[in-house]
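Student: I would like a close look at a single part of this model: the ligand site. Please take me through its surroundings, then out to the elements around it.

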Amino acid sequence: MKKNIVALILSPRESGNCEVLTKEICRHIPEEHELTLVRLTSKDIKPCKGCYACLVSGSCPLDDDFLEVAEAMAKSDALIIASPTYFIGANGVLKVFLDRCLQLFSAKFSVRGKPVINLVTAGIKGEAGYSEMMLNSFSLILGLKLRASEIFYGALPGEIFYENDEQLQRAENLGSKLFSTEKRSFAEWACPLCGSDVIQLLGENKIQCVVCRNYGEVVNDGKNLKLKVTLNPDNIFFTEEQAGRHGLWLQEMKSRFMQLRRKLAEITGPYADEGKWL
Ligand SMILES: Cc1cc2nc3c(=O)[nH]c(=O)nc-3n(C[C@H](O)[C@H](O)[C@H](O)COP(=O)(O)O)c2cc1C
């Protein structure tokens with residue numbers, strides 16, 4: 001049966017690098033498939049209001065294109081997420097979309113377990129900043145199975161493949177990774193649990209992985225510095241079980257709020273009329 005691939009394109013540029021890269025990778029996917037592209041920046045995705053209504057009633061009061069996109073993701077066999085770097089991060093629409101995914105804790109469908117390839121494009125080598133980390137934490141929070149994550153450089157639309165056989169070859173290689181069952185291998189210096197190379201130093205040799213937020217330490221194996229990271233049982237998203245527990249905790253918020261609301265109003269009330277709003 002034909003596989004159904006949904007690609008979230010975070011670039012507003014038609015025939016830009018994200019779009020061309022995604023299509024090039026799909027040319028090399030050995031499995032028979034159909035590609036559906038979603039230009040997320042052209043969809044109406046409103047920012048989360050933080051009202052938690054979705055967790056109580058099961059539906060979000062905002063009326064826009066969020067559900068159309070989330071349902072397409074849930075029906076897919078695999079995802080590709082491609083974002084340009086904008087000021088050292090991914091396009092902000094990705095984060096706006098992720099915040100709305102709070103409602104997936106109580107939705108009747110899920111995107112968990114879908115394989116995903118994350119792609120970042122950037123105009124200047126070394127200037128992609130935290131873009132890749134944004135895409136990878138998006139995938140981790142939603143429980144997607146990250147098959148690969150790569151950065152491609154090129155400023156003008158199409159430039160990633162202009163006289164650049166190395167990037168064309170890398171795109172070709174990614175094609176075989178989306179549905180591969182091979183265990184993903186991580187860089188030696190990366191977090192051994194999630195593969196992220198963004199690590200926070202906590203002092204006294206202690207570290208925390210910024211993407212999966214598990215704790216560990218730096219160890220010297222005689223040749224190189226490596227990370228030893230242990231699964232934190234209190235982590236809220238890393239495993240399906242942890243995400244499930246967090247979902248229950250969120251759903252208990254309504255009764256917590258009802259219990260505390262008078263006391264909380266005593267705190268917030270005195271601030272209410274201060275300052276003027278633009
Ligand atoms: C608002 C804006 C900010 C950008 N910031 C960065 C940046 O911080 N680092 C970088 O390497 N490229 C930056 N770029 C360049 C794009 O990442 C690059 O052109 C990329 O290939 C665009 O992909 P696209 O063709 O799919 O839109 C920026 C582009 C724009 C429009």
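Tutor: What follows starts at the ligand and works outward. Keep in mind that this is a predicted model.

Start with the shell. There are 17 residues around the ligand, and Ser 11, Asn 17, Thr 85, Gly 154 and Ala 155 come nearest. By type, the shell divides into 8 nonpolar, 7 polar and 2 charged residues. Which elements supply it? At least two residues each come from α1 (17-27), β3 (78-86) and β5 (115-122). The largest share is that of β3, with 3 residues.

Now the polar contacts. An oxygen atom of the ligand sits 2.9 Å from an N or O atom in the side chain of Arg 13. The backbone takes part too. A polar backbone atom of Ile 88 is 2.8 Å from a ligand oxygen. For a polar backbone atom of Gly 154, the distance to a ligand oxygen is 2.6 Å. On its own, the ligand has 640 Å² of accessible area, and the protein covers 78% of that.

Follow Arg 13 one step further. Its backbone oxygen is reached by the side chain of Arg 39 at 3.3 Å. Arg 39 lies in strand β2, residues 33-39. What else does Arg 39 touch? Leaving aside neighbours within four places in sequence, its contacts are Ile 9, Ser 11, Pro 12, Arg 13, Glu 14, Ser 15 and Glu 19. Ser 11 you have met already, as one of the residues that come nearest to the ligand.

Next, two helices that pack against elements of the shell. Take α4 first, residues 92-100. Its buried residues are Leu 94, Phe 97, Leu 98 and Arg 100. Seen down the axis of α4, these fall within an arc of 160°, so they line one face of the helix. A general rule helps here: an α-helix has 3.6 residues a turn, so residues three or four places apart point the same way. The cover over the buried residues of α4 includes α3 (66-75), β3, β4 (89-90) and α5 (131-141). Recall that β3 supplies the largest share of the ligand shell. The N-terminal end of α4 is capped by Asn 91, with a side-chain oxygen 2.8 Å from the backbone nitrogen of Val 93.

The second helix is α6, residues 165-175. Here Gln 167, Ala 171, Leu 174 and Gly 175 are buried. Their arc around the axis is only 115°, which puts them on the same side of α6. Among the elements covering them are α1, β5 and β6 (145-153). Both α1 and β5 also supply residues of the ligand shell.

Finally, look at the loop between β10 (225-230) and α7 (240-251), where Asn 232 is found. Buried or exposed? Asn 232 has a relative accessible area of 17%, so it counts as buried, the cut-off being under 20%. Not counting residues up to four places away in sequence, Asn 232 touches Arg 213, Asn 214, Tyr 215 and Gln 242. Asp 234 has its place in the loop between β10 and α7 as well. Asp 234 has 62% relative accessibility, so it counts as exposed, for which the cut-off is over 50%. How far is Asp 234 from Tyr 86? They are 148 residues apart in sequence and 33 Å apart in space, C-alpha to C-alpha.

Technical notes:
Residues numbered from 1 in each chain as written. Predicted model: local features only at pLDDT ≥ 70, side-chain atom pairs only at ≥ 80, totals over all residues. Heavy atoms only, no water. Near = heavy atom within 4 Å. Polar contact = N/O pair within 3.5 Å; in protein donor to acceptor, adjacent residues only side chain to side chain. Areas by Shrake-Rupley, 256 points an atom, 1.4 Å probe, with all protein chains shown as cover. Helix = DSSP H or I, 4+ residues; strand = E, 2+ residues; numbered from the N terminus. Nonpolar A, V, L, I, M, F, W, Y, C, P; charged D, E, K, R; others polar. Buried < 20%, exposed > 50% of the residue type's maximum accessible area, 1.4 Å probe, protein only. Arc of directions from axis to C-beta. Contact = heavy atoms within 4.5 Å.
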